[in-house]
Amino acid sequence: IQFELEYPAFVSAISPTWGKAGSLVQISGRNFMASDRITIGGQPCKIVQLQSNQMSVVVPPGARKGVIALHRGTQVLRTNYSFDVVYPPRIDRMLPIQGSPGTKVTVNGSGFRDSLFFLGKVPVRASWIKGDQQMQFSVPANAKGGRFRVVSRGGEVSSPKRFQVWNFPTVLRSSPSRGGAGTQLTIWAVSYTHLRAHETPEHL
């Protein structure tokens, strides 16, 4: 009679700790067996390489952030490691699509948390984010318009439509300062966003 001594599995490390669905995760440890199964957040993973001290698994489609667990028969070993599954951000709608600096813009989509935001080339800060599916920002004073972009670990996406920034002119002076009905009034004004670097309002 042969008796095979079975040692408990132990997971010592995973690499990487985040990635997209379909990416490979390397799990290091000891006493891995061919009958072992791996799950991420309860989702079963396909094992593509297995050795007694190392295995590689594929992140399954639809998986979310969760603990990596090793299943052996009826026993479950919940490791001390979790894997964060990232997905590309998405923009479904942006309203309004034009306005002056300070205008509040609401964006619907997904993948907004832990992301960077830009209006054209100008960084913007989220005023609030709800449920990772809606966010709002205020148009920066130095924004010149352009597409709204979301940049995250899962990828980058731009809004289908460009945001048009209204830059109202600044009144410098008017003449005359008083007059009756029918008096012709001349107004000097400038939009500072259109001044070249060497220009000042006195040049106009």
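Which residues make a nonpolar surface patch of about 290 Å²? The patch is built from Val171, Leu185 and Ile187. Here a patch gathers residues with over 30% relative accessible area and no salt bridge, joining nonpolar side chains (Val, Leu, Ile, Met, Phe, Trp, Tyr) within 5 Å and like charges within 9 Å. The accessible areas come from the Shrake-Rupley method with a 1.4 Å probe, and for residues only the protein chains shown count as cover. Leu185 sits in the loop between β18 (170–175) and β19 (186–190). Strands, like helices, are DSSP runs numbered from the N terminus (E, at least two residues for a strand; H or I, at least four for a helix).

Before we go on, keep in mind that this is a predicted model, in which local features need pLDDT of at least 70 and side-chain atom pairs count only at pLDDT 80 or more, while totals for chains, interfaces and linings use all residues. Residues are numbered from 1 along each chain as its sequence is written, and side-chain values use heavy atoms, with hydrogens and water left out.

Now let us turn to a sheet. Five strands form an open sheet in the order β10-β17-β16-β12-β13, with mixed pairing. Because β10 (98–99) and β13 (122–124) stand at the edges with a single partner strand each, one side of each has no neighbour in the sheet. Two strands count as paired if DSSP finds at least two bridges between them. Strands of a sheet pair through backbone hydrogen bonds, either parallel or antiparallel.

Within this sheet, β12 (residues 116–119) is a good strand to follow. Four bridges join β12 to β16 (residues 146–152), and the two run antiparallel. Across from Phe117 in β16 is Val150, and across from Phe118 is Arg149. β12 also pairs with β13, again in the antiparallel sense, over three bridges. There the bridge partner of Phe118 is Pro123. The hairpin of β12 and β13 has two residues between the strands, and Gly120 in that hairpin takes a positive phi near 65°.

Earlier in the chain you will find more hairpins. β4 (37–40) pairs with β5 (residues 43–51) in the antiparallel sense over three bridges, with Ile38 matched to Cys45 in β5. Two residues lie between these strands in their hairpin, where Gly41 has a positive phi near 60°. β5 then joins β6 (residues 54–58) through five bridges, also antiparallel. A two-residue hairpin connects β5 to β6, and Leu50 has Met55 as its bridge partner in β6.

What about the backbone away from the strands? Most residues other than glycine have a negative phi, and most peptide bonds are trans. Asn31, in the loop between β3 and β4, has a positive phi of about 65° although it is not a glycine. The peptide bond from Ser15 to Pro16 is cis, with omega near -5°, and Pro16 belongs to the loop between β1 (10–15) and β2 (18–19). Another cis peptide bond joins Leu95 and Pro96, with omega about -10°; Pro96 is in the loop between β9 (90–95) and β10.

Charged side chains add links of another kind. With a salt bridge taken as a side-chain nitrogen of Lys or Arg within 4 Å of a carboxyl oxygen of Asp or Glu, the count comes to four. One of them pairs Asp36 with Arg72 at 2.7 Å, N to O. Asp36 is in the loop between β3 (24–30) and β4, and Arg72 is in β7 (residues 66–72), so this pair ties together parts that are 36 residues apart in sequence.
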